[in-house]
Amino acid sequence: MTSLERRRPETCLSDLRLDRLLAGELEGGALEESRAHLASCTVCAARLAELEAGRAAFVAAPPPLRRRAARRGRRWLIPSAATALAAAAAVLVVWHGQEPGTRVKGGERLGLYVKHGEAVRRAGPDEVVRPGDALRFTYSMTAARHLAVLSRDGAGHASVYYPVGPSAVRHEPGAEVPLPSSTVLDEVLGHEVVYGLFCAGPVVLEPVRRSLEARPGAPPAVPGCTVDRLAIVKERAP
Amino acid sequence: MTPEEEIERLYRTHGHSVLRRARHILGDEHEANEVLQELFMSLLDRPGQFRGESSVTTWLYSVTTHLCLNRLRSQRTRLRLVEERVAPAQPDEAPARADQRALAQQLLAGLPGEVAEAAVYYYCDEMSQEEIAGVLGCSRRHVGDLLERCRERARAWEAAP
């Protein structure tokens, strides 16, 4: 059979057995038997090392665990102002501005969709959105990259919009692929710049966020990453 | 520890094997991540699903297998995987290996439920027939029959023009 093959004979330890060993679930005879086999079988010992490395990498930077919309709302959506105040504000989206020093490759773009009530539309130049509208970012790229979305608001505060976890998350190439979260802008007025980072590896984001806050006007300069940016102007409605 | 905290702990300690297996079975990083999220979101919504009738790892193997096979069977996913010729799970994966993976996925998508499950455990997880019998809750002999049906289907696939 060519399409389905196995590399280890049935006398070797299965991935289930090795995963259970790593999880500390084996005891007694099963544990002793597994240890004895590992001591004499280089194939299984190598596989165990492989699984252990995978576990360590996951534990070091687990992909952010999503919540259902209602549950995620508490964690992801920035609390909006009181309804009356929020209704008075407006947000102006300026499409894909360029900043000196920002390196943007043609194949790597950050996009934005706006959800107003039940209607979803792609934001364009001079798009005006209202508080309570959900903003959802998308990415387009031709090769797999580790992604993150950061922003610096009008008050100079920098935050990581995506992901929830500490490091940029790998995504496969695609066009207009939505990121698994949406966000609502808070009431801080003024210019807000959103940066999409497209990186070769799982860049740790806290130093990037701090640098963004410390150097107003400068795009994040991270080795191995290209950057796309969206400029947003948040204004109160007349 | 609240049920939610317990599931977050489970995610950190066992998420790696769910993701690895989903990646292996589906051969697609995005789909594998979706399975990881779907499984743990479901647990967050209904924390009592794991009843302690087997080890946590064994139970997660079973749930992950079901979720992956459902995705492979879904027309939308299958068409997309076929159209993309299946993105290699590893960037440096050889084209021949990727083709072999694509064939395996198409085969799995077309197998009856229990046969596909046995095939995943035998070929992806390299379990013994006895272990598979334990996970599926059937006899070892029945597992042998399931695997034979899988081999027959594979032979028919390979013989097809």
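Author: Before anything else, contact here means heavy atoms within 4.5 Å. This is a predicted model, in which local features need pLDDT of at least 70 and side-chain atom pairs count only at pLDDT 80 or more, while totals for chains, interfaces and linings use all residues. Residues are numbered from 1 along each chain as its sequence is written, chains are lettered from A and ligands numbered from 1 in the order in which they are written, and side-chain values use heavy atoms, with hydrogens and water left out.

Reader: OK, so how many residues of chain B are in contact with chain A?

Author: On the chain B side there are 46 residues, and they are in contact with 34 residues of chain A.

Reader: And which three residues of chain B supply the most buried area there?

Author: Those are B:His16, B:Tyr123 and B:Glu126, which supply 17% of the area that chain B buries against chain A, more than any other three residues. Between them the two chains bury about 3900 Å², 52% of it on carbon and sulfur atoms, where buried area is the accessible area (1.4 Å probe) that two parts lose on being put together, summed over both.

Reader: How many salt bridges and polar contacts go across?

Author: The rule finds 2 salt bridges across this interface, a salt bridge being a side-chain nitrogen of Lys or Arg within 4 Å of a carboxyl oxygen of Asp or Glu. There are also 18 residue pairs in polar contact, both residues at pLDDT 80 or more; a polar contact is a pair of N or O atoms within 3.5 Å, and within protein one must be able to donate a hydrogen and the other to accept it, with residues adjacent in sequence counting only if both atoms are side-chain atoms. By class, the side of chain B that touches chain A has 19 nonpolar, 15 polar and 12 charged residues, with Ala, Val, Leu, Ile, Met, Phe, Trp, Tyr, Cys and Pro taken as nonpolar, Asp, Glu, Lys and Arg as charged, and the others, Gly among them, as polar.

Reader: What does B:Glu126 form a salt bridge with?

Author: Its partner is A:Arg8, and the closest N and O atoms of the pair are 2.6 Å apart. The pair crosses between chains, from the loop between α6 and α7 of chain B, where B:Glu126 lies, to the segment before α1 (15-22) of chain A, where A:Arg8 lies.

Reader: Are those two buried or exposed?

Author: Both B:Glu126 and A:Arg8 are buried, which is to say under 20% relative accessible area, whereas exposed is over 50% and partly exposed in between (1.4 Å probe, protein chains only).

Reader: Switching to chain B alone, what is the fold made of?

Author: Chain B has 8 helices and 0 strands, where helices (H or I, at least four residues) and strands (E, at least two) are DSSP runs, numbered from the N terminus. Of its 161 residues, 50% count as buried, and residues 24 or more positions apart account for 66% of the contacts in chain B with a separation of 6 or more.

Reader: Which residue does B:Asp125 pair with?

Author: B:Asp125 forms a salt bridge with B:Arg21, the closest N and O atoms being 2.7 Å apart. This pair links distant parts of the chain, from the loop between α6 and α7 to helix α1, 104 residues apart, and both B:Asp125 and B:Arg21 are buried.

Reader: Which residues are joined into one network?

Author: Salt bridges that share partners join A:Arg8, A:Asp15, A:Arg47, A:Glu50 and B:Glu126.
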